[in-house]
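Here is a short report on one protein chain. Look over the sequence and the model, then read on.

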Amino acid sequence: MPKIAIKPATLAALKAQYNDELNNAHAYEALAIWCKKKNLKGFGSYFHKQSGEEREHAEKIAEHLLDRGETPETGALAAPKTEFSSVMELAKLAQSMEGVTTAKINTVYETATKEGDYPAALLMQWFINEQVEEEASMDEMVDLIGGATCAGSMTSLDRHIVKILSKGGE
Ligand SMILES: [Fe+2]
Ligand SMILES: [Fe+2]
């Protein structure tokens, strides 16, 4: 019996979030592939890196569950969207994905708080901060794409996008 038994609704919420993070990783990889195919190599590497970060998020939750004597369950992943009419459409999808993730993270936090599961609530605080960065990056990306009005400026943006969006460190 673990010393700090996880509360039931919190357990269910963390298990669901674990799979959501893996789904996000899968979805970002699909965006990376589309960009690479369109010769937007900078965007391709950015989304590939994002995919890796989402896997790390999943791992953080998995480690928390394991430390508390629970088993994270790797469920089936949803097939992500793979076709886009423009890089703007793709960026807007990433932006809305992060918005949905923020709402889910907030719900997990609320559940843990309501149940008095303080370790899970603290874990979610890290995610809440992370979402501030994730949403800011995607908002900035959408703005930058909107401002890249000619092929030349898009090429330049593609060349610098990884650097521009990693200013915060990660
Ligand atoms: Fe995430
Ligand atoms: Fe994310």
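In which loop does asparagine 39 lie? Asparagine 39 sits in the loop between α1 and α2. This is a predicted model, and that loop is a good place to start.

**A residue in a loop**

Phi of asparagine 39 is near 65°. That is a positive value in a residue other than glycine. Most residues other than glycine have a negative phi. Is asparagine 39 buried or exposed? Asparagine 39 is exposed, because 10 other C-beta atoms lie within 10 Å and the cut-off for exposed is 12 or fewer. A second positive phi comes just after α2. There, glycine 69 has a phi of about 80°.

**The overall plan**

The protein chain has five helices and zero strands. From the N terminus on, its elements run α-α-α-α-α. The C-alpha trace spans about 60 × 30 × 20 Å along its principal axes. The chain has 170 residues, and 32% of them count as buried. Now take contacts between residues at least 6 apart in sequence. Of these, 75% join residues at least 24 apart.

**Two helices and their spans**

Helix α4 covers residues 118-147. Its 30 residues reach 44 Å from first C-alpha to last, close to the 44 Å expected at 1.5 Å a residue. Helix α2 has 27 residues and reaches 39 Å, close to the 39 Å expected.

Which residues of α4 are buried? They are Ala120, Leu123, Met124, Phe127, Glu134, Ser137, Met138, Met141 and Ile145. These buried residues pack against α1 (8-37), α2 (41-67), α3 (87-115) and α5 (151-165). An α-helix has 3.6 residues a turn, so residues three or four places apart point the same way.

In α2, the buried residues are Phe43, Gly44, Tyr46, Phe47, Gln50, Glu54, His57, Ala58, Ile61, Ala62 and Leu65. What covers them includes α1, α3 and α5.

**How α1 meets α3**

At what angle do α1 and α3 pack? The angle is about 170°, and their axes are 10 Å apart. That makes α1 roughly antiparallel to α3, because the angle is over 145 degrees. From α1, the contact is made by residues including Ala13, Leu14, Gln17, Ala27 and Leu31. From α3, the contributors include Met97, Thr101, Val108 and Ala112. The residues of this contact divide into 11 nonpolar, six polar and three charged.

**The nonpolar core**

In soluble globular proteins, nonpolar side chains tend to be buried together. Here, the largest nonpolar core has 38 residues. Leu14, Leu31, Cys35, Phe43, Phe47, Val108 and Met124 touch the most other members. The elements that give two or more residues to this core are α1, α2, α3, α4 and α5. Which element gives the largest share? That is α1, with 11 residues.

**Three residues up close**

The table sets three helix residues side by side by their C-beta neighbours.

| Residue | C-beta neighbours within 10 Å | State |
|---|---|---|
| Valine 108 | 24 | buried |
| Alanine 27 | 23 | buried |
| Serine 45 | 16 | partly exposed |

Why does valine 108 count as buried? It has 24 other C-beta atoms within 10 Å, and a residue is buried if it has 20 or more. Valine 108 lies in helix α3. Leaving aside neighbours within four places in sequence, it is in contact with Ala13, Leu14, Gln17 and Met124. The C-alpha atoms of valine 108 and threonine 10 are separated by 6.9 Å, though the two are 98 residues apart along the chain.

Alanine 27 belongs to helix α1. With neighbours within four places in sequence left aside, alanine 27 is in contact with Pro80 and Met97. Its C-alpha atom is separated by 19 Å from that of leucine 165, a residue 138 places away along the chain.

Serine 45 is found in helix α2. How far apart in space are serine 45 and valine 162, C-alpha to C-alpha? They are 7.3 Å apart, with their positions 117 residues apart in sequence counted as separation.

How values were computed. Residues numbered from 1 in each chain as written. Chains lettered and ligands numbered in written order. Predicted model: local features only at pLDDT ≥ 70, side-chain atom pairs only at ≥ 80, totals over all residues. Helix = DSSP H or I, 4+ residues; strand = E, 2+ residues; numbered from the N terminus. Expected span 1.5 Å × (residues − 1). Contact = placed C-beta atoms within 7 Å. Core = buried A, V, L, I, M, F, W, Y, C linked by C-beta atoms within 7 Å. Axes fitted to C-alpha atoms, helices over the stretch in contact; angles between N-to-C directions. Parallel < 35°, antiparallel > 145°, perpendicular 65-115°, else oblique. Nonpolar A, V, L, I, M, F, W, Y, C, P; charged D, E, K, R; others polar.
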